[in-house]
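Biologist: I should like to understand how the descriptive terms applied to this structure are justified. May we go through them one by one?

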Amino acid sequence: MKGLNLLCCCVASLLLLGTAEEVEDASEPTKRDRSHLENTLKLNEEKPADDVSGVLQRLRKIYHSSIKPLEHSYRYNELRQHEITAYPGRTLGSSATDGEITSKPMVLFLGPWSVGKSSMINYLLGLDNTPYQLYTGAEPTTSEFTVIMHGPKLKTIEGIVMAADSARSFSPLEKFGQNFLEKLIGIEVPHKLLERVTFVDTPGIIENRKQQERGYPFNDVCQWFIDRADLIFVVFDPTKLDVGLELEMLFRQLKGRESQIRIILNKADSLATQELMRVYGALFWSLAPLINVTEPPRVYVSSFWPHDYHPETHRDLFLKEEISLLEDLNQVIENRMENKIAFIRQHAIRVRIHALLVDRYLQTYKDKMTFFSDGELVFRDIVEDPDRFFIFKSILAKTNVSKFDLPNREAYKDFFGINPITSFKLLSQQCSYMGGCFLEKIEKAITRELPDLLGSIGLGKKPNVLSCDVTGCGETPKNRYRKP
């Protein structure tokens with residue numbers, strides 16, 4: 001009898017062991033093959049990265065010598081406080097540092113909570129099951145703005161350190177306060193993809209929570225990242241297609257950036273084919289009132305995480321969609337320098353127009369002033385009704401300025417409210433024997449220097465690497481004419 005009991009116990013133990021092994025095997029899904037990801041993003045290529053140091057040195061020199069003097073002289077930074085109404089869209093920081101000019105392309109991840117933004121970054125970088133994988137879960141998990149960038153080793157950087165480091169492009173974030181800097185974190189990862197691009201993961205949108213509860217201006221911070229992003233991934237999943245006030249505000253902030261937006265319907269393999277078609281249509285129906293453009297942004301349908309696609313789904317379709325998205329990302333990386341030069345030139349055009357307008361306001365003020373005039377009242381009349389004095393029309397008539405590039409008139413009421421007109425000089429007085437005229441230098445940069453630099457990239461030429469000691473491209477250029 002004892003032998004029979006012992007035999008039964010052994011059989012039961014084997015059955016339990018087999019069941020446990022089956023459960024363990026079932027709990028570990030099959031990992032997806034990453035070869036298409038590595039091939040599309042060219043992560044396995046041993047060829048050296050393109051040498052862009054010469055182009056960046058020349059770009060820095062052009063900015064510091066031809067654009068920045070006029071920008072500072074006419075306080076273009078103060079106009080940027082009203083950039084949403086004055087100049088919507090991407091622009092340089094309040095004081096463009098070399099870090100912002102030479103920064104890598106930025107990819108921004110936006111969307112509701114728990115739609116797979118962090119999982120997607122983990123998948124692209126292969127961070128799963130590593131100490132620095134982004135935390136994911138079914139509940140709202142990401143409460144910080146997380147910047148994933150390249151570094152020699154795995155390291156976490158606090159927000160206050162990132163803002164204090166002028167070599168990085170995040171120092172302007174200090175203006176959002178210390179509460180926000182506590183919600184900003186940087187992660188350095190020694191990954192080949194991050195040598196060419198920077199990822200930014202954002203807190204998920206939660207419609208049932210007031211924005212004020214975040215403790216910092218969430219929409220303003222999002223706008224800062226949106227203005228600097230080269231590619232914007234707005235991620236949804238089939239269970240979170242509802243549109244609330246916070247998501248509506250987000251798409252309002254994305255207006256004008258439609259060419260950078262890519263909408264991602266994630267977790268697509270969790271649905272049957274018929275359900276997926278219905279969800280795809282519902283997504284467009286929800287977003288149609290928010291994206292008022294002729295051609296809607298590209299929508300990618302797939303599942304971006306390391307596990308294999310669910311059985312009995314359109315694996316080939318999802319794989320092709322994923323490769324298309326990776327090609328989009330790679331295109332942004334490949335066009336880094338072209339986009340950077342075009343962006344700096346756009347900034348230079350805005351600075352030039354601003355300087356011409358301030359010069360015209362000042363000239364009109366001087367013409368209207370008499371010995372007995374009240375300067376404050378005279379200038380108030382000019383600011384309140386600039387069209388009566390042909391301020392903007394005179395700029396269009398005498399210069400090659402497009403009327404579509406003119407800033408909002410209302411922005412200048414606030415601008416001159418904190419910057420008295422008497423604190424500026426006329427453009428004709430902004431000249432020196434050795435340095436030349438500010439206006440001529442910025443016009444030369446817009447019409448010749450920046451287009452030539454852009455052309456040199458298109459022809460495959462590599463400009464010579466110039467030292468800042470020689471070119472004076474640093475923040476405080478040396479006087480090359482002073483004897484040591």
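Modeller: Let us begin with a pair of side chains: those of Glu322 and Tyr309 are joined by a polar contact of 3.1 Å. Please bear in mind that the model is a predicted one.

Biologist: What makes the 3.1 Å pair of Glu322 and Tyr309 a polar contact?

Modeller: The term requires N or O atoms within 3.5 Å, one able to donate a hydrogen and the other to accept it. The pair of Glu322 and Tyr309, at 3.1 Å, satisfies that cut-off. The side chains of Glu322 and Arg32 likewise form a polar contact, at 2.8 Å.

Biologist: Where is Glu322 found, and why is Glu322 called buried?

Modeller: Glu322 belongs to helix H13, which covers residues 315–334. Burial means under 20% relative accessible area; Glu322 has 0% relative accessibility and therefore counts as buried. Beyond its neighbours within four places in sequence, Glu322 is in contact with Arg32, His36, Tyr123, Ser302, Ser303, Phe304 and Tyr309.

Biologist: Tyr123 is among those contacts. Which residues of helix H7 are buried?

Modeller: The buried residues of H7 are Lys117, Ser118, Ser119, Met120, Ile121, Asn122, Tyr123, Leu124 and Leu125. Helix H7, residues 117–125, is described as mostly covered, with nine of its nine residues buried. Just after H7, Gly126 adopts a positive phi of about 65 degrees.

Biologist: Why does Gln223 count as buried, given its 14% relative accessibility?

Modeller: The limit is under 20%; at 14% relative accessibility, Gln223 falls below that limit and so counts as buried. Gln223 is part of helix H10, residues 218–228. The side chains of Gln223 and Gln253 are joined by a polar contact of 3.3 Å, a value that again meets the cut-off of 3.5 Å. Between the C-alpha atoms of Gln223 and Leu250, which lie 27 residues apart along the chain, the separation is 8.5 Å.

Biologist: Leu250 also appears in the lining of the second largest cavity. Which other residues line that cavity, and how many of the lining residues are nonpolar?

Modeller: Besides Leu250, the lining consists of Leu110, Gly111, Thr202, Pro203, Ile205, Phe218 and Cys222. By class, six lining residues are nonpolar, two are polar and none is charged. Gly is counted as polar under the classification used. The space in this cavity is about 30 Å³, and a search of the whole structure finds two cavities of 30 Å³ or more.

Biologist: How do you know that strands E2 and E4 are paired?

Modeller: Pairing requires at least two bridges between the strands. Strand E2, residues 145–150, and E4 have six bridges in the parallel sense, therefore they meet the requirement for pairing. Within E4, Ile187 stands opposite Ile148.

Biologist: In what sense does strand E3 run relative to E4, and how many bridges join them?

Modeller: Strand E3, residues 155–158, runs antiparallel to E4, with four bridges joining the two. Glu188 in E4 is the bridge partner of Lys155.

Biologist: What makes strand E4 mostly covered?

Modeller: Strand E4 spans residues 184–189, and five of its six residues are buried.

Biologist: How many helices and strands does the protein have, and what percentage of its residues are buried?

Modeller: The protein has 19 helices and 10 strands. Of its 484 residues, 47% are buried. Among contacts between residues at least 6 apart in sequence, 79% join residues at least 24 apart.

Notes: Residues numbered from 1 in each chain as written. Predicted model: local features only at pLDDT ≥ 70, side-chain atom pairs only at ≥ 80, totals over all residues. Heavy atoms only, no water. 1 Å grid on protein atoms, 1.4 Å probe; cavity = no way out; pocket = protein on both sides within 12 Å on 5 of 7 lines; lining within 4 Å. Points joined across faces, edges and corners; volume = space filled by probe spheres on them. Buried < 20%, exposed > 50% of the residue type's maximum accessible area, 1.4 Å probe, protein only. Contact = heavy atoms within 4.5 Å.
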